[in-house]
Amino acid sequence: MMNIITLGAEEELQIVDQHSLELVAHDFDLGQADYPDRGGSSSCELHKAVVELQTPICQTPDQIVASVASMREVIRLRAQAQGQRILSAGVHPFSDWKEQEINKDLQKHQHYIRLVDEYADAMRSMVSYGFHVHLGLPPGIPPMVIFNSLRNSLAAVLAISLSSPFYEGRDTGMQSWRHSMLDRLPRMGTPDIWESEAAYFDHIQLLRKVGTLEAQHGMWEDLRLHHRYHTLEVRICDATPSLEHIWLITALLQCEVATLVQDYQRGCLPKPLSRACLEENKWRVRRRGLAASLIDWHSETPVNMHDYFDLWLSRLTPVAEDLGLLQGLREKCQALFIQGASADIQRGIFQRSENYQTIVQHLIHETEAAQFAATQYVQ
């Protein structure tokens, strides 16, 4: 019997005014009191126009989707009570970051106050929204050997989630402007190859010792070994409104990590690629999305994204069959390349409407209506 890779997810949701559709400050404490968490948990973030939802520990992508849908509905009701709506995307298409309020209560938000003090406008302007996946390993598996090889798949996972082509009323030319924002901060981007878990946490301890990191906090890279949960946390994805895409991201990552665990046990783990090589592929995805070609660094040739996913699914097929995910993966990969990622859909809407409010209305509908589709995944 295969060891199950446990799952958890976090999604950062945008809160917008129901009339202007601009980002707006949300009273998190009031909302939580009136509509308590159900099917997961929630928390505030640095900016008041963010509410983060967290799923419980799950066994399947179906459970992840069900939890996300349930918590989206809770947060939708909280927002509605305050004359607001919710949406999921990497950035807001036209709101000005300089107008966004920050949580700065000295008693509750000392961490946020320290972040702004340290990183100034680089942090104040970071009005961005991500989707993070936690993957729990079976006992006895050294996490860093899986971590190092999992890095190779990060660019392809990002491609599914792309949802931030517009920023402050401009087409940025990118599929993920969110990553152009994140790159302003240190300890971001593609992680290095690490020799061991001990070496990784020794480095974190060193950063805490010299005052770079606060106690009980870790690095912010696209993939990290979590400093408290000891999960592999994939942080590269834009927040995306589609539950189909959330399912696909989560299922691919679960199958990839399960396959890597089997590869480790058989002594045939894929060689981790260098940070420099991985950054090249990440750039291609950020710029061109599903129309990009990823470099196969072993053959030194570009591979179009559709062929890349076909090859990836072939590699994952044995594990995907064992987990009962293969049919869903095939169907949702096919739909992804027909319909596009959220960034593609947003550009299509703008080409027809030339109106940024129309994009936001679409994202609100996709985010709020998606919860009603969640039952199709629950077994």
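Helices (H or I, at least four residues) and strands (E, at least two) here are DSSP runs, counted off from the N terminus. With that labelling, Glu-300 falls in the loop between strand S10 (293-296) and strand S11 (301-304). The model is predicted, and this briefing walks through its core, its cysteines, its open and closed spaces, and a handful of individual residues. The headline items are a largest nonpolar core of 114 residues, a largest pocket with about 1200 Å³ of space, and a disulfide count of zero.

**Nonpolar core**

- The largest nonpolar core takes in 114 residues, and those with the most contacts inside it are Met-123, Leu-135, Leu-150, Tyr-200, Leu-252 and Leu-329.
- Helix H8 (residues 243-266) is the top contributor to this core, giving 13 residues.
- Tyr-200, one of the residues with the most contacts in the core, touches Met-144, Phe-147, Trp-194, Met-219, Arg-224 and Leu-225, once residues up to four places away in sequence are set aside.
- Thr-259 also sits in helix H8, and with 7% relative accessibility it counts as buried, because the cut-off is under 20%.
- Beyond residues up to four places away in sequence, Thr-259 touches Arg-315, Leu-316 and Val-319.

**Cysteines**

- You won't find any disulfides in this structure: the count is zero.
- Why is Cys-58 not bonded to Cys-255? The sulfur of Cys-255 is the closest cysteine sulfur to that of Cys-58, but the two are 15 Å apart, which is too far for a bond.
- Cys-255 is in no disulfide either, and the nearest cysteine sulfur, in Cys-333, is 10 Å away from its own.
- Cys-58 is buried, with 4% relative accessibility.
- Cys-255 is buried too, at 0% relative accessibility.

**Largest pocket**

- The largest pocket holds about 1200 Å³ of space.
- Its lining is made up of 49 residues, and the closest to the pocket centre are Glu-45, His-111, Tyr-112, Leu-115 and Trp-220.
- Which elements give two or more residues to that lining? They are strand S1 (6-17), strand S2 (41-44), strand S3 (50-54), H3, strand S5 (130-136), helix H6 (178-182) and strand S9 (232-238).
- H3 supplies the largest share of the pocket lining, with eight residues.

**Cavities**

- Searching the whole structure turns up two cavities of 30 Å³ or more.
- The largest cavity has a volume of about 50 Å³.
- Around the largest cavity you'll see Arg-151, Asn-152, Leu-154, Ala-155, Thr-190, Asp-222, Ile-236, Leu-278 and Lys-282.
- Helix H5 (154-161) and helix H9 (275-288) each put at least two residues into the lining of the largest cavity.

**Gln-100, a loop residue**

- Gln-100 is in the loop between strand S4 (84-87) and helix H3 (110-124).
- Is Gln-100 buried or exposed? At 11% relative accessibility, Gln-100 counts as buried, since anything under 20% qualifies.
- A polar atom of the Gln-100 side chain lies 3.0 Å from the backbone oxygen of Asp-96.
- Leaving out residues up to four places away in sequence, Gln-100 touches Leu-23, Val-24, His-47, Ala-49, Ser-95 and Val-127.

**Positive phi**

- As background, most residues other than glycine have a negative phi.
- Gln-216 goes against that habit, with a positive phi of about 70 degrees although it is not a glycine.
- Gln-216 belongs to the loop between helix H7 (197-209) and strand S8 (223-225).
- Glu-300 has a positive phi as well, near 60 degrees, and again the residue is something other than glycine.
- Glu-300 is exposed, because its relative accessible area of 66% is over the 50% cut-off.

**Gln-357 in helix H13**

- Gln-357 is part of helix H13 (residues 356-369).
- With a relative accessible area of 34%, Gln-357 is partly exposed.
- Setting aside neighbours within four places in sequence, Gln-357 makes contact with Leu-21 and Phe-94.
- Gln-357 and Pro-36 are 321 residues apart along the chain, and 30 Å separates their C-alpha atoms.

Key:
Residues numbered from 1 in each chain as written. Predicted model: local features only at pLDDT ≥ 70, side-chain atom pairs only at ≥ 80, totals over all residues. Heavy atoms only, no water. Core = buried A, V, L, I, M, F, W, Y, C linked by side-chain atoms within 4.5 Å. Buried < 20%, exposed > 50% of the residue type's maximum accessible area, 1.4 Å probe, protein only. Contact = heavy atoms within 4.5 Å. Disulfide = S-S within 2.5 Å. Polar contact = N/O pair within 3.5 Å; in protein donor to acceptor, adjacent residues only side chain to side chain. 1 Å grid on protein atoms, 1.4 Å probe; cavity = no way out; pocket = protein on both sides within 12 Å on 5 of 7 lines; lining within 4 Å. Points joined across faces, edges and corners; volume = space filled by probe spheres on them.
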